[in-house]
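Reader: I would like to go through this chain with you, starting from its surface and ending with its sheets.

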Amino acid sequence: MRGFSRFRGSSRHDEHVGIANLGGPISTEPRINERIRVPEVRLVGPNGEQVGIVSIHDALKLAQEADLDLVEVAATARPPVCKLMDYGKFKYESAMKAREARKNQAHTIIKEIKLRPKIDPHDYETKKGHVVRFLKAGDKVKVTIMFRGREQSRPELGFRLLQRLAQDVQELGFVESQPKQDGRNMIMVIGPHKKKAEAKAEKAAAKAQHGSEEPSKQEA
């Protein structure tokens, strides 16, 4: 049978069991088919239906008749829970899902913006615009206030400026790390409300929508 012949009598498995018995690495693979050595199991059908508690002999017979594998999915349960499935297909699909998840995973990048405590209104708006853009892209922003000369004796100026910036962008981000003095500088970190992956998906959707609108404008 396809399922049983694929896994029965594996010498590599026997070697691995031997290593485990000697205190070596223990396999994280679930027990399947004849490797399940218990008198009875709680059986789940291939579509998730509850079959109930059956003897291991009957469970293996059902698996063979369905040309499927008997896979132990909850070894610590009493009795253990087993499911009828195509184990080879299950492993392949699980590997593909994990690969796709890694592919789509987006890492949050920390951007940095530097301000002076006595920044003029125009420069402030420009810097704030950068922060807004970074947060919309799903990136964190490290905001650094740089004190020079006598400004170092007025840390409250930097603190108030950071508070103002946090309030101005509160719809897009939140204060992840409160303002703190770091030598001559004062630092605050603002985190985005949106995750990096969500921001990328929204950007791609907007780009696709814009592309679909271009032909209609040309036709008009």
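Reader: What accessible surface does the chain have, and what share of it belongs to carbon and sulfur atoms?
Author: This is a predicted model, in which local features need pLDDT of at least 70 and side-chain atom pairs count only at pLDDT 80 or more, whereas totals for chains, interfaces and linings use all residues. Residues are numbered from 1 along each chain as its sequence is written, and side-chain values use heavy atoms, with hydrogens and water left out. With areas taken from the Shrake-Rupley method with a 1.4 Å probe, the accessible surface of the chain comes to about 14,800 Å², and the share belonging to carbon and sulfur atoms is 52%.

Reader: What percentage of the residues count as buried?
Author: Buried means under 20% relative accessible area, computed with a 1.4 Å probe and protein chains only. By that criterion, of the 220 residues of the chain, the buried part is 30%.

Reader: How many helices and strands does the chain have?
Author: Both are DSSP runs numbered from the N terminus, helices being H or I with at least four residues and strands being E with at least two. Counted in this way, the chain has seven helices and eight strands.

Reader: Which strands stand at the edges of the sheet with the order 2-1-4-3, and why is one side of each left without a neighbour?
Author: This open sheet has four strands with mixed pairing, where two strands pair if DSSP finds at least two bridges between them. Within the sheet, strand 1 (residues 40-44) and strand 4 (residues 81-85) run parallel and are joined by three bridges. One side of each edge strand lacks a neighbour because each has a single partner strand, and these edge strands are strand 2 (50-55) and strand 3 (69-74).

Reader: Which residue of strand 4 is the bridge partner of Leu43?
Author: The parallel pairing of strand 1 with strand 4 comprises three bridges. The partner of Leu43 in strand 4 is Cys82.

Reader: What angle does the direction of helix 5 make with that of strand 5?
Author: Strand 5 belongs to an open sheet of four strands in the order 5-6-8-7, and strand 5 (110-115) is one of its edge strands. Helix 5 (residues 121-136) packs on this sheet, touching strand 5, strand 6, strand 7 and strand 8 (185-192), with contact meaning heavy atoms within 4.5 Å. Axes are lines fitted to C-alpha atoms, for helices over the stretch in contact, and angles run from 0 to 180 degrees between N-to-C directions. On that scale, the angle between helix 5 and strand 5 is about 170 degrees.

Key
Buried < 20%, exposed > 50% of the residue type's maximum accessible area, 1.4 Å probe, protein only.
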